[in-house]
Every structure is written in structure tokens, then in C-alpha cells.
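The following note was prepared for a colleague who wishes to examine the structure shown below. The points are numbered for ease of reply.

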Amino acid sequence: EVGVKEAQNAAFVLVAGGLGERLGYNGIKVALLAEATTGTCFLQLYIESILALQEGSCRFTQAKVQPSMSPELVKDFVNNLPGPASRSSTFQKDIPFVIMTSDDTHTRTLEVLESNSYFGMKPTQVKLLKQEKVACLDDNDARLALDPHNKYQIQTKPHGHGDVHSLLYSSGLLKVWLDAGLRWVLFFQDTNGLLFKAIPASLGVSATKQYQVNSLAVQRKAKEAMGGITRLTHSDGRSVVINVEYNQLDPLLRAAGHPDGDANCETGYSPFPGNINQLILELGPYIEELTKTGGAIKEFVNPKYKDASKTSFKSSTRLECMMQDYPKTLPPTARVGFTVMDKWLAYAPVKNNPEDASKVPKGNPYHSATSGEMAIYRANSLILIKAGVQVEGPVQQVFNGQEVEVWPRITWKPKWGLTFSEIKSRVLQSCSVSQRSTMVLKGRDIFLEDLSLDGALIINSIDGAEVKVGGSIQNKGWLLERINYKDTSSPEELRIRGFKINKLEQLEQTYSEPGKFILKPQC
């Protein structure tokens, strides 16, 4: 709840410079479907989540205004809000949203936004900042690499997502945000469908702990391919809390006197939480630091060699920088922390194509479009179970060579529940959902009351329409039908997840007028 209150004082920055080629998808990654039940793409999910936080934060502000306040007191209250709050009766502040693009993604990102009316966000809230590329290097002597298609042109590649800091600094946006009374900047990456379930609590941690830097993290198994959050202490006593990449963590630990290297502790997990590359920075100290550095982040080079002799590269390399290396230049007094979440709630990235995912050793995460979608259904099912709903457990199924847990296909718009207490307040009396069911809740004030669902249920409602859904709902429902990722007769975005949805039968109701409604079919 603290995080939701703070959201009106935050700006969100999406690092989205990549294409989906590695996923077997030719579009931009943010246009990929997060889940096929509603056909919501990642960019839509992120924008709707930010808008839900914007509305939720506004409701907390409204709650501070007592009904007995005189108009003069209300006016004074609004005028004393941090930043230029909207002078409307809702006191709503628009949350800024920045997307870092690249030459590969800029035009297509703009097309997705414009063709979808910015998914409900005001176009003035959204800013696109384009990252430039840097020269490639051909060998250990750092000779410049030539473009393979034009020997009179130097080959270039992206410089890494660390460029986001210099882009924000040079754009002047940070000063604008500071003058508007903002306090936080949240950075996130492009294909994690669970991320915003973790944002409110993490932002609440930043506010209550007064962290200048807060890295979101999850429990990590030793040697798992994700960076670890560590405290590095120099021989002279200086220390820094920083991400160490997984391929550097084990040798670093061994060199520092830990003979087992990167090993699990008594909890069964590594003592170094897994960095999921979502950062929350306090705006004031962030601007102070960037004023000194101009936003430049320490660079590194990571060539891929042809063989053990390390004399020639597989392909050209370049200098890179990473946004999570920002704390490296901070003074020792800086308050740098991290927030650890359970993986099922916060982390299900989509970054592997079906072929690569099917080769992942059993028990390791697939990180594919298939597993990313199933993780959303699992998280939503587990949240409802915690809220008191009897949700039938999953069945194991194989799609594109990946064995996954298939839970009921439960989805809701972010505005339906930003916090667990909100969701719990919308579940009344005993409710049950069968494994084969699909439930889609598109509205804020939808309440489940004594509902027994065995099939497909879709509720659409506008703000101001309060809907109570109950009784026994049974129909043929929606089925998952396997498709092969090599079957070009199916759309690419479905092939990479290995299934399509056959919509046999559903109960769908739309409430487009304000009021109170009850949906309770009789058996």
C-alpha cells in the first residue's frame, strides 16, 4: 500500500531496444503477447499496470480529503500536493513513461502505440528516447570491424542498456520530473509478465528504507545463469552493494577465499539473490550523481572467441555498458539495497526460442513464451488460493518439447487488484475454479461471491459498474490445442508458445453503464 501511494511520485522507464529474433519472433519484443487468453501484449500490460497505479495512487490521495472539508481547504490541499497535481476533482497526476528504443525498434514501437491509441495512456505521458549504436571491434588489437555488406562502412552494434542513464540525463527529463515533485525512477526490461505484481511492494521498500538504489531480486540457485546481488568490500574498507554477473561470481568467490565458490547455503539457495534487472532509484541523488558523470556507465568488453587460444572472435565485439552497474560510482554513504521476491510472483522472462528452451535440462527454467504465459496463470491462481478461492491444481502438459504446469487460465486487468488486500476484498464467501476453466476479469469493481466455475467466464465492466458474480457457471469452455512451432500455417506469436486457444463456449457479460449488477446463473 505504501508503494501504491508513492506511485504518483514515480516515473517509469522501459528499456526496450531489442527485437524478438532470439525468441523466433520477427516483431519487437514488447509487441509479443504476454498471454494468449486475452491477446494482451507486453506493452499493453505495462501501460495498463502504470495506469492502474496512477488511479490507485489517486484514490489514496482522495481518501485524505475529508468530505467535511470546505472548498477552500480542498483547494489548499491540492495546491500543497507535491508537484503540479491535476486541478480536477480527482487530483490525478499523470505518471511519466519513457521507452528507450533503438534503430531496430523505434519506428515499430511508435506504430504499436499509435495504432492502439497508446493503450489508454495520454500520448503526452509517453516519451521515446532512441539509443545509438557504437563501432564494432574485429580482434584483440581492437581494429575497427567493417560492415560485411559495405566495406566502406564501419560495423555498429548496440552499446547496452546502460545508455539509458546518459539518455535520460541529456534529455532534460530528470530535471522536469524533479521540478514536478517526483521522487522515484523505476527501470524495467521488456518481457517479464509478472514484474508489476512486485512493483508496489518494492517501491514501498524504497520509500520506507529510504534506499537511493533498490535492485529487485529473486531467490537464486547456485550457478544459475543470473547475476547475484553482493556486497564487495575493498581491502581499504570501502564497500559497494552491486550485481556480479553469474559467470564472474564463482571465480570471484574462489579468489576471495571461498573454496566452494558459488554454492547454495543452508536455505537451499545461493546467499546471493538473483538480480532481475529492475531498478528503483531515488531521483534527487540520481540527478546529483549524473551531474558528475553525465550518465556514463563503466564499460566492458565481452568477446566470444572461436577457440581456447583466444586469438580470434566468432563475430565482432564492441564496448558495452549495463544499467545495473550504476552504483559503481556512488559514494560509500549511498543507501543501496535490494528487495527479494518469490520467483512465482515476480520473475518469468521470455527470452528463449522453442528449440533452445526444449534443450534446457529438466528442472531448469525454460524462459520461453510458453513458460512465461503459464507463469502468469500460475501466479494468478496462487494469489486467488491465498485469497480463499478453491482453485484446482495444475496438470502437466508438453508444448514445443517443454513440460509445463497448466493452471486454470485466470487473468485480470491490473486495476482489478494492485495489492493482495484489494484482491482479497473482491473475493466474497466460498468460490471454486476448476483446472480446465478460463476466467477473465476486465474491470475494477468485480466481486466473486459464492462462485463455482467450470468453463469459461469473461466479465467486462466500466468504472462505476459494480458487478457481483456468483452461482454455478458450467460450459464447454476454452481448450488449449497443441501446434508445432515449425507449422507456418499458424501465426508466429502462437507457434512460439506451442498452442492456440479453441474457444468452444463461454459466458461473457459486458456492463457499459454505471450501477450495481448481479450475475448469478441458476443451475
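In which strand does Q509 lie? Q509 belongs to strand β30. The comments that follow refer to a predicted model.

1. Strand β30 and its surroundings. Q509 has a relative accessible area of 29% and is therefore partly exposed, as this value falls between the limits of 20% and 50%. Its C-alpha atom is separated by 35 Å from that of A11, although the two residues are 498 residues apart along the chain. Strand β30 spans residues 507-511 and pairs with β26 in the parallel sense, over five bridges.

2. Strand β26. This strand covers residues 456-461, and six of its six residues are buried. A456, I458 and N460 point one way from β26, while L457, I459 and S461 point the other way; all are buried. Strand β24 (residues 438-442) runs parallel to β26 and is joined to it by five bridges. I458 serves as a useful reference residue: I458 is the bridge partner of V440, and in β30 the bridge partner of I458 is E508.

3. Helix α9. The helix comprises residues 283-293, in which L283, Y286, I287, E289 and L290 are buried. Seen down the axis of α9, these buried residues fall within an arc of 165°, so they line one face of the helix. The face turned away from this buried side carries the exposed residues E288, T291 and K292.

4. A salt bridge within α9. E289 and K292 form a salt bridge, with 3.6 Å between the closest N and O atoms. Both residues lie in α9, three residues apart, which is about one turn of the helix. The partners differ in their cover: E289 is buried because its relative accessible area is 4%, under the limit of 20%, whereas K292, at 65%, counts as exposed because it is over 50%.

5. Other salt bridges. The structure holds 26 salt bridges. One of them is between the side chains of K413 and E48, at 2.9 Å from N to O. This pair links distant parts of the chain, 365 residues apart: K413 is in the loop between β21 and α13, and E48 is in helix α2. E48 counts as buried, at 16% relative accessibility. The side chains of D104 and K133 also meet in a salt bridge (3.8 Å, N to O). D104 is in the loop between β4 and α4, and K133, 29 residues apart from it, is in strand β6. Both count as partly exposed, D104 at 33% relative accessibility and K133 at 30%.

6. Cysteines. The structure holds zero disulfides. For C136, the nearest cysteine sulfur is that of C321, 14 Å away; a disulfide is excluded because the sulfur atoms would have to be within 2.5 Å. C136 counts as buried, at 0% relative accessibility. C58 is buried as well, with a relative accessible area of 5%.

7. A nonpolar surface patch. L144, L146 and I154 form a nonpolar patch on the surface, and together they have about 260 Å² of accessible area. L144 is placed in the loop between β6 and β7, and L146 is found in strand β7. Both leucines are partly exposed, L144 at 46% relative accessibility and L146 at 45%. The C-alpha atoms of L144 and D454 are separated by 63 Å, and the two residues are 310 residues apart along the chain.

Technical notes
Residues are numbered from 1 along each chain as its sequence is written. This is a predicted model: local features need pLDDT of at least 70, side-chain atom pairs count only at pLDDT 80 or more; totals for chains, interfaces and linings use all residues. Side-chain values use heavy atoms; hydrogens and water are left out. Buried means under 20% relative accessible area, exposed over 50%, partly exposed in between (1.4 Å probe, protein chains only). Patches are made of residues with over 30% relative accessible area and no salt bridge: like charges are joined within 9 Å, nonpolar side chains (Val, Leu, Ile, Met, Phe, Trp, Tyr) within 5 Å. Accessible areas come from the Shrake-Rupley method with a 1.4 Å probe; for residues, only the protein chains shown count as cover. A salt bridge is a side-chain nitrogen of Lys or Arg within 4 Å of a carboxyl oxygen of Asp or Glu. Helices (H or I, at least four residues) and strands (E, at least two) are DSSP runs, numbered from the N terminus. Two strands pair if DSSP finds at least two bridges between them. The arc is that of the directions from the helix axis to the C-beta atoms.
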